[in-house]
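Trainee: Could you take me closely through one helix and what follows it, and then through whatever else can be said with care about this model?

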Amino acid sequence: MIRFSTDDIPPEDRFDQWREVRGKSLFGVTIELPPDRRHTFKGSFRAQAVGGAVASEMQASAYRVSRTTADIARIAGHSLCISHQVKGPGMLDTGGGRMQAVRNGDIVICHSDLPYAGVPDSSDDFHYQMLKIPVDHELMLGQPAHDLFATRYMDETAFSRPFRALFNALNAEQGKLIDPIRDVTHMARLAMMARGRLSPGMPEVRAALRSGLCYAAQEIMTQRKHQQKLTPAAVALALGISLRQLHVVFESAELTFSRTLALMRVEEAKRLLLEFPALPVIQVAYACGFDSLATFYRVFNGTYGMSPGDARDAHFRG
């Protein structure tokens with residue numbers, strides 16, 4: 001994990017340090033900011049290796065950024081890049097008359113070693129996530145990626161939810177991945193499909209979509225785990241797939257739908273037990289979606305090897 005921010009740098013040195021040490025040497029980009037705005041500049045960055053790729057996240061004051069031919073010659077990436085503009089819209093210019101608006105929430109897919117220039121719409125801070133996947137002939141199923149200029153991914157109803165769910169899982173700072181290497185492979189193939197290089201009907205792409213749907217299902221389950229009547233049918237309906245398809249999706253995961261949901265609930269229950277020691281165990285159980293105290297005790301003991309009360313006592317004794 002790489003993590004840094006400008007907080008410990010004197011204000012007058014923050015932008016120059018970010019531009020020279022971070023921008024040129026680490027990011028491989030050229031950064032520009034008017035002198036009168038440099039004294040208020042701030043930024044933070046983190047990056048972590050995941051399944052052979054690098055997931056990164058940046059939040060900083062707005063600035064102009066470009067990747068020039070000189071930047072590419074100095075630091076070549078040889079990677080497929082999938083980026084998410086969480087906040088901070090602007091204009092993206094990839095040359096040759098290719099100019100497009102990038103809005104909050106947009107995803108852009110490109111090869112790392114093609115030039116671009118980005119201009120923010122305002123001086124507000126921006127928030128940006130990126131997954132950088134080394135290009136590999138087998139990973140790309142023989143299709144070229146070196147000519148993929150930065151282009152905004154156009155959301156499609158059938159694919160956008162699994163695509164974004166898989167991206168979110170790979171970029172989560174404390175995420176729980178089913179199989180990091182396989183998930184990165186699936187992400188690369190979904191990105192290549194989104195750019196028209198791979199067909200949605202290919203077996204490898206269908207497998208990637210199932211992986212994305214599994215993470216999309218888990219996102220729904222995380223949001224609604226407190227509902228005692230949360231069923232596979234309800235999650236399938238929310239995803240727009242059949243109940244049979246949902247069970248097929250979970251076949252590639254380590255745990256079934258029911259076990260995954262139970263684990264989410266019991267982890268939340270343990271958190272509440274330790275954060276709120278005066279909260280009665282029965283209240284915790286029902287608040288986390290369990291429909292009976294007996295079921296809660298059975299699942300909790302099976303997961304942690306002790307009762308909820310013993311877990312609470314052990315925490316506060318320690």
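Mentor: Just after α4, G196 takes a positive phi of about 80°, where helices are DSSP runs of H or I with at least four residues, numbered, like the strands (E, at least two), from the N terminus. This is a predicted model, in which local features need pLDDT of at least 70 and side-chain atom pairs count only at pLDDT 80 or more, while totals for chains, interfaces and linings use all residues. Residues are numbered from 1 along each chain as its sequence is written, and side-chain values use heavy atoms, with hydrogens and water left out.

Helix α4 itself covers residues 180-194, and its end C-alpha atoms are 21 Å apart, in agreement with the 21 Å expected for 15 residues when the span is taken as 1.5 Å times one less than the number of residues. The helix is mostly covered, since 11 of its 15 residues are buried, a term that means under 20% relative accessible area, with exposed over 50% and partly exposed in between (1.4 Å probe, protein chains only). Among those buried residues are D183, H186 and R189, together with L190 and M193.

Turning to the cysteines, C288 counts as buried at 1% relative accessibility, and C110 is buried too, with a relative accessible area of 13%. The closest cysteine sulfur to that of C110 belongs to C81 and is 4.9 Å away, too far for a bond, given that a disulfide is a pair of cysteine sulfur atoms within 2.5 Å; by this rule the count comes to 0 disulfides.
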